[in-house]
Amino acid sequence: MENESLSQRAAELRARIHVANHYYEVVNDPVIPDAEYDRLMRELERMEREHPELLVSDSPTQRVGAPVSKLETISHDVPMLSLANAFADEEVVEFDRRIRELLGVEEVRYSTELKFDGLAISLLYRDGKLVRALTRGDGERGEDVTHTVRTIKSVPLLLMKMSRDRHGRSFSLVPENLEVRGEVCMPHASFYEFNQRALAEGRKTLANPRNAAAGAIRQLDPAEAKKRKLAFFAYGVGQGLENFTLLPSQSDVLVSLQELGFQVAAETGIAIGADGCLDFYRKVGNGRDQLPFDIDGVVYKVDRFDQQRALGFVSRAPRWAIAHKFPAQEEMTVVEAIDVQVGRTGAITPVARLKPVQVAGVVVTNATLHNADQIARLDVRVGDSVIVRRAGDVIPEVLSVLIERRPADTAPYALPSVCPACGSAVVRSEGEVVARCSGGLFCPAQRKQALIHFASRRAMDIEGLGERMVEDLVDFGFAHSVADLYRLSLAQLLDLKQQADARAGATPETVKAGKIASKWAENLIEAIERSRRQSLERLLFALGILQMGEETAKSLARAFGSLDAIRHADPMLLLALPDIGPKVASSITSFFAQPHNQEVIDALLANGVEPQASGVPSAALAARLDLGHLLGAAKALGAPLGRLGDTSIGRIAQARPSLEAVQAAGEHGLTALGVPAEAAAALFVLLAHPHWGPRLRAVDSAMAALREAAPQQAAGGPLAGKTVVLTGAMTAMTRDEAGARLEALGAKVAGSVSKKTSFVVAGEAAGSKLVKAQELGVPVWDEAQLLTFLAEQGG
DNA sequence: CAACCTCGAGTTCA
DNA sequence: CTCGAGGTTG
């Protein structure tokens, strides 16, 4: 009897607190005084303490639970899709036009909403109780962050049908199963308050509200998350939409979500057609600064669900919605200094050191000035006030100088004439934009960059060998060239660590204990060991040969199959290969012509580096390795061709696969092909040349050997002649794997979208390439389509 | 030789 | 991501 009235009282308290909390947090119109709220809370807490059997998980006292040990990754029942983006008004007009066309209607009604700059979260309710909160993750799988999301006061732990008059609290039916989607963000007030306190207490401040919110949500300890006072705004329903069958539109669902206790942005509304959307965009844009939280644009969704269903999806994004982003934010700041960086190739890059400034959500302190031309164009000087923006919302860029704010005593900036790292002359060759340090590997900066490049993920992929480590290795003389890496011993690494710690002036407490240090050193040795058997194409790329990127390295490695063949290859042969012209060929040749480089390669091989041959030569290679290209290459290298012109070369190449065949046929064998007698004679004079003759024959037989190894044709693969571009992240396989499988079917996998692209495979979070594909009308596949296709073809 | 497609190189911040 | 420039193609 008494127990029953106690539990009734507890239920009543919980309900009153839930309602009060809802009006305070969500409606922003408190129904009871703070003191009264606190009193109810205390009473409930006391009852729960004295009668633990009264405790239920959705009690308002239970927002902060125990810390978790790690974040679990869980699959979304319904994937969380991304939205297509629009930046210009025209794109919105086009979006509306397409929708009207597809639906065959005159006019479309849109739900207009804010695009929060926070992080997307899915909330799962069972029988009205919050049971799970997941981050968006990759859209397919997210992290379980229920423990931190529970601490957000505007996330209802329990759903109730909140009538909108402030006295009513009817507990009418709530859906059995409902997934609510929305955005968690940190309001400016919370952000400001948190940082004020952090400053006062000497703790680290948060960089921006977005990252602060993301960081808070991913905390293991919910108490930490609670301190950041986050907010949640609902904008849609995932699973459980069937609960709203009586509601025919998105805007109705938003109202209904509000009635269930969720906060929905007040700015949300309805617009008719593109004009209505653009009005909304401008209105929100103008009021953006007054909003209590950050947004990075607005979203338009076709309002009617029947129309949404009719429109469907394109490659993981709904066709019925688009995000209209605000332009990259621009800010003013001051150039405090202009430094230069020395790159791996010696490129001297000026960098503006800026007075820290918030631009589009992050604090920017550096901005590249690219090169001397750019500096001259802008006339940036130390002390100038400049406008900075984040290009493509990522990389900071100096847009312009505010001349009127320039201090009196400034001078135009000039690049240093000597390298700041080694003192060698800085040279800028004719017609080049970049200035380079001439010190080569004598320059410590270049040596460091060369090592960093060598170890980087896309090259030899030596984990644990990052910038800091390389710095120490070079400074303390443990590594002069990349080959030295393969001579490092455990003892040397520990010695290095000690010296580095000593230099850093580390106190004994901050120095890692001996055991940890040795574990670290073992790991590095292990990583270096693994890299010994890295593929040939990676090794070629890792060597840092100018103009030798991943693509060139790949095609060279596949064509030749061995490092030995490449390092001794005749430039004439290189020049005959596809995608290698005079610049690339001479860069490769001059790299291998330097005794020092050959020594390093010898040392690598002597220390157990065994590059693995990988892949087969491309079919394009075989088609290209003919007499015409051989003679073309010879001509480019200055061979005396005399009267042998391009037309004659073409004619000969058509009929004769090799020099051998030409010699067998003799001079009149050529004239019989319609080649002028002087041209045929010139070729034979060339072949008799003491230098060019043997060289041509040698390259000719090398070409024959490569041709031999190359596949005869893309033997009619199902994708022969198709060019495919991959973008975004795949879930079932990596992009590289997907590329390899497409290539196996005869496709050419390219890096950028153009008119010639046959189709684009767009994974999750696809960016500009997807946009470009849509612009050019290139077909787009999603990952599922690709997998189906591969399964069909792969057998 | 001009237009076009690609690739290489450099860069920022959390 | 963006710029510049190398290479290919019509």
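**Close-up views: DNA strand B and the cavities**

**View 1. Asparagine 366 meets the DNA backbone in this predicted model.** A polar backbone atom of asparagine 366 lies 3.2 Å from a phosphate oxygen of DNA strand B. Glycine 549 also uses its backbone: an N or O atom there is 3.0 Å from a phosphate oxygen of the strand. Threonine 349 uses its side chain instead, with an N or O atom 2.9 Å from a phosphate oxygen of DNA strand B.

**View 2. Three strands and a helix supply residues to the surface near DNA strand B.** The elements that give two or more residues are β15 (347-359), β16 (362-368), β18 (395-401) and α17 (550-560). The largest share comes from β16, with four residues.

**View 3. The surroundings of DNA strand B comprise 26 residues.** Thr345, Thr349, Ile395, Gln547 and Thr552 are the closest. Thr349 is also the residue whose side chain has an N or O atom 2.9 Å from a phosphate oxygen. By class, the surface has 13 polar, eight nonpolar and five charged residues. On the DNA side, sugar or phosphate accounts for 93% of the strand B atoms within 4 Å of the protein. The rest of these atoms belong to bases.

**View 4. The largest cavity has a volume of about 90 Å³.** The whole structure holds two cavities of 30 Å³ or more. The lining of the largest cavity is made of 14 residues. His18, Asn21, His22, Pro156 and Gly261 lie nearest its centre. By class, seven lining residues are nonpolar, five are polar and two are charged.

**View 5. The second largest cavity has a volume of about 50 Å³.** Its lining consists of Glu113, Leu114, Phe116, Ala234, Tyr235, Leu254, Val264, Ala265 and Thr268. Two elements, β3 (109-116) and β8 (231-237), each give two or more residues to this lining. β3 gives the most, with three residues. Seven lining residues are nonpolar, one is polar and one is charged.

Methods. Residues are numbered from 1 along each chain as its sequence is written. Chains are lettered from A and ligands numbered from 1 in the order in which they are written. This is a predicted model: local features need pLDDT of at least 70, side-chain atom pairs count only at pLDDT 80 or more; totals for chains, interfaces and linings use all residues. Side-chain values use heavy atoms; hydrogens and water are left out. A residue is near a molecule or strand if one of its heavy atoms lies within 4 Å of it. A polar contact is a pair of N or O atoms within 3.5 Å; within protein, one must be able to donate a hydrogen and the other to accept it, and residues adjacent in sequence count only if both atoms are side-chain atoms. Ala, Val, Leu, Ile, Met, Phe, Trp, Tyr, Cys and Pro count as nonpolar, Asp, Glu, Lys and Arg as charged, and the others, Gly among them, as polar. On a 1 Å grid over the protein atoms alone, a cavity is a set of points where a 1.4 Å probe fits but cannot get out, and a pocket is an open set with protein on both sides within 12 Å along at least five of seven lines; lining residues have an atom within 4 Å of a point. Grid points are joined across faces, edges and corners, and a volume is the space filled by probe spheres set on the points.
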